[in-house]
Amino acid sequence: MKRKITLKHIARELEVSISTVSKALKNSEEISRDTKERIQAFAKLYNYKPNNIAISLKNKRTKNIGVIIPNIVHHFFTTVVRGIEKYANERGYNVIVCLSDESFDKEVINMEMLANGSIDGFIMSLSTETQARNDYNHIKEVTSQGIPLVMFDRVTDEVECDKVIIDDRDSAYKAVKKLIDSGRRNIALINTENLSVSKARTEGYYQALKDEGIPIHKDLVLTLPFESIDEAAIQHFFDTVTMDAVLCVNEIFAIYGMRVVQKKGLKIPEDVSFIGFTDGPLSKYANPSLSAVAQHGESMGAIAAKMLIDKVENEEEEEIYRTEILDSTLIERESTIN
């Protein structure tokens with residue numbers, strides 16, 4: 001099947017700006033005759049068909065932003081949406097939030113529904129199924145038509161767009177280093193499959209152990225599916241593996257892990273220390289309270305909203321994408337030894 005030609009493709013092939021291509025196809029007097037004929041001939045040769053929805057989206061502002069998040073279970077995503085909405089409202093924009101529920105199909109449906117002229121651009125974090133399938137064609141189709149997009153947290157290099165993330169690898173590295181500095185040597189990791197953030201945090205975990213000369217034992221790593229807490233798997237993990245510390249890629253895994261350890265008669269942090277990602281209410285009010293890597297979701301949301309709105313309003317001809325990397329903060333509480 002022949003790939004669909006977009007304004008971006010034509011501009012790249014003929015070494016002109018997207019704006020020049022758009023104006024030439026509209027027969028604008030601003031473009032020279034030779035350039036218009038060259039662009040129009042190329043478009044005809046490749047059977048270019050304009051996306052009327054995208055054109056209407058670019059030419060008429062709705063003052064609405066579409067936000068797609070994977071789930072509402074994790075406190076992190078609610079804080080990001082709060083940051084997006086607060087900043088967007090200050091700039092006179094409304095926010096429409098859709099939930100992919102970690103589903104590729106729902107993510108596609110959400111994008112198709114919102115890209116019908118009802119929004120000026122997207123802010124999104126990828127669903128687990130999308131990352132597992134490594135299929136981003138639905139997103140590339142939207143961006144290729146000039147609809148602005150900002151990704152946050154769960155991102156991919158397969159899509160050219162602005163991104164806002166924390167340094168997940170370095171954050172995990174520092175968390176493990178904190179556990180090592182407190183005398184821990186058998187440090188376990190509980191993570192999830194397929195997610196970009198889990199992969200980066202796992203890399204940081206391994207690197208910290210390697211740099212400190214601590215042997216790596218694969219049985220100290222438990223990888224869980226994303227759908228829900230696998231209570232049996234976590235129970236078996238703590239029953240069969242000897243550890244003195246645990247790093248969890250989210251606070252829900254950490255809180256449940258602490259509960260299992262306490263039922264076994266072990267003390268936290270004397271026998272086992274815990275650190276989780278996402279500094280939410282669960283971390284603060286757990287017993288004992290959980291040391292956590294704060295991802296600063298509200299700041300991440302505000303930055304994502306600013307990047308998107310600036311791009312919508314500036315309409316730069318040259319496409320320049322940037323990735324904003326935020327610093328995380330390790331909040332130390334009762335689940336680790338200070």
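Me: What does Ser283 touch in this predicted model, leaving out residues up to four places away in sequence?
Reply: In this predicted model, Ser283 touches Glu251, Thr278, Ser289, Leu290, Ala292 and Arg333, with residues up to four places away in sequence left out. Ser283 itself lies in helix α13, residues 281-285.

Me: Why is Ser283 called buried?
Reply: Its relative accessible area is 0%. Buried means under 20%, so Ser283 counts as buried.

Me: What makes the link between the side chains of Ser283 and Glu251 a polar contact?
Reply: The distance given for it is 2.5 Å, side chain to side chain. A polar contact needs N or O atoms within 3.5 Å, one able to donate a hydrogen and the other to accept it, so the 2.5 Å pair sits inside that cut-off.

Me: On to the cysteines. How many disulfides are there, and how do you know that Cys98 isn't in one?
Reply: The structure holds zero disulfides. For Cys98, the closest cysteine sulfur is in Cys161, 18 Å away. A disulfide needs the two sulfurs within 2.5 Å, so that pair is too far for a bond.

Me: Are Cys98 and Cys248 buried or exposed?
Reply: Cys98 has 9% relative accessibility and Cys248 has 0%. The cut-off for buried is under 20%, so Cys98 counts as buried, and so does Cys248.

Me: Now the sheet. What makes β2 and β11 the edge strands?
Reply: The open sheet has six strands in the order β2-β1-β3-β4-β5-β11, with parallel pairing. Strands β2 (94-99) and β11 (323-326) each pair on one side only. Going from one strand to the next, the twist averages 15°.

Me: Which helix packs on that sheet, and which strands does the helix touch?
Reply: Helix α6, residues 104-114, touches β1 (64-69), β2 and β3 (122-124), and its direction makes about 155° with that of β2.

Me: How do you know that β4 and β5 pair?
Reply: β4 (residues 149-152) and β5 (residues 162-166) share three bridges, in the parallel sense. Pairing takes at least two bridges, so these strands qualify. Met151 stands opposite Lys163 in β5.

Me: Which residues touch the most other members of the largest nonpolar core?
Reply: Of its 67 residues, they are Ile123, Phe152, Ile190, Tyr205, Phe238, Val246 and Phe274. Tyr205, for one, touches Ala172, Val176, Ile187, Ala188, Leu189, Leu220 and Val221, not counting residues up to four places away in sequence. There's also a second, separate core of 19 residues, including Ile68, Met111, Ile147 and Met151.

Technical notes. Residues are numbered from 1 along each chain as its sequence is written. This is a predicted model: local features need pLDDT of at least 70, side-chain atom pairs count only at pLDDT 80 or more; totals for chains, interfaces and linings use all residues. Side-chain values use heavy atoms; hydrogens and water are left out. Helices (H or I, at least four residues) and strands (E, at least two) are DSSP runs, numbered from the N terminus. Axes are lines fitted to C-alpha atoms, for helices over the stretch in contact, and angles run from 0 to 180 degrees between N-to-C directions. Contact means heavy atoms within 4.5 Å. A nonpolar core is a set of buried Ala, Val, Leu, Ile, Met, Phe, Trp, Tyr and Cys residues joined through side-chain atoms within 4.5 Å. Buried means under 20% relative accessible area, exposed over 50%, partly exposed in between (1.4 Å probe, protein chains only).
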